[in-house]
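This report describes how a set of helices pack in one protein chain. The sequence and model come next.

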Amino acid sequence: MGVLVLTCPQCGAPVSSLEKRCHYCNSYFFIKNFSCDKIRAYIGHCDKFIAQNKNNSSNVFEDSFSLGLCYLQIKNYSLAQDCFNRAISLSPNNPYSYYYYVLSRIGGRRLKTLRFDEVSEMESFLKTAVQLAPDIPYFELLLYMLKIDYYKVNGLRVSEDELKQLLNHLVEKEFNNFELNTLMEYAKTKNIDVWKYLKVMHN
């Protein structure tokens, strides 16, 4: 089966189908449309590599992160969380580990159905990601979606000033269809305001 991603979703630079990270902007990305056999083979490779290179934190981080992306794609959310947690412990300054951990923690559920303790942890992780990489729009977008579809929809208090500030930041950012589709796949919301905003960004 072919590979869909031929350009980096963050900077648009050309990438090889064998790569998992852009050499221009250092962003990680999904390689879509792998067959199940190829995903299983890659998972086996990563597990073996991690076991053999426990003392090399840089290489183990790379493969832990990649393994997490694989598990996320096949919707094994528990193992994806384990991998992203390990990636965070190995490289706490990488913002994508926090973001993808949150996506794996949501696990395709409707945001309004999450537990309060889950949302509190997700907010903390997303705020860390925003601090580490304030120019990446998806971190703040997911935080905004949580504020709307968890807090407001469930009748909980939320700072209108914080919502306005998040929205003002998002208006200034550029989005691409690939990352929006990834976000919408794993974080479900039916709130009209959020989806109306996403549709504007999507176009």
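In which hand of crossing does α6 pass α7? The crossing of α6 past α7 is left-handed, a term used when the near helix is turned anticlockwise from the far one by less than a right angle, with right-handed for clockwise.

The model is predicted, so local features need pLDDT of at least 70 and side-chain atom pairs count only at pLDDT 80 or more, whereas totals for chains, interfaces and linings use all residues. Residues are numbered from 1 along each chain as its sequence is written, and side-chain values use heavy atoms, with hydrogens and water left out.

**Helix spans**

Helices are DSSP runs (H or I, at least four residues), numbered from the N terminus. The expected span is 1.5 Å times one less than the number of residues.

| Helix | Residues | Expected span | End C-alpha distance |
|---|---|---|---|
| α5 | 116–132 | 24 Å | 24 Å |
| α6 | 137–152 | 22 Å | 21 Å |

**Helix α6 and its partners**

Of the 16 residues of α6, 15 are buried, meaning under 20% relative accessible area (exposed is over 50%, partly exposed in between; 1.4 Å probe, protein chains only).

Two packed helices are described by the angle between their axes and the distance between the axes. Axes here are lines fitted to C-alpha atoms, for helices over the stretch in contact, and angles run from 0 to 180 degrees between N-to-C directions. The axes of α6 and α7 come within 10 Å and cross at roughly 145°. Contact means heavy atoms within 4.5 Å; among the residues that meet are Y144 and K147 in α6 and E160 and L163 in α7. The contact of α6 with α7 has 9 nonpolar, 1 polar and 5 charged residues. Nonpolar covers Ala, Val, Leu, Ile, Met, Phe, Trp, Tyr, Cys and Pro, charged covers Asp, Glu, Lys and Arg, and the others, Gly among them, are polar.

For α4 (residues 95–106) and α6, the axes come within 10 Å and cross at roughly 35°, and α4 passes α6 in a left-handed crossing. On the α6 side, Y138, F139 and L142 meet α4 residues including Y99 and L103. The α4 contact with α6 comprises 9 nonpolar, no polar and no charged residues.

**Core**

A nonpolar core is a set of buried Ala, Val, Leu, Ile, Met, Phe, Trp, Tyr and Cys residues joined through side-chain atoms within 4.5 Å. The largest one holds 51 residues, and Y99, Y100 and L142 have the most contacts inside it. α6 gives the most to this core, with 11 residues.

Technical notes:
Helix = DSSP H or I, 4+ residues; strand = E, 2+ residues; numbered from the N terminus.
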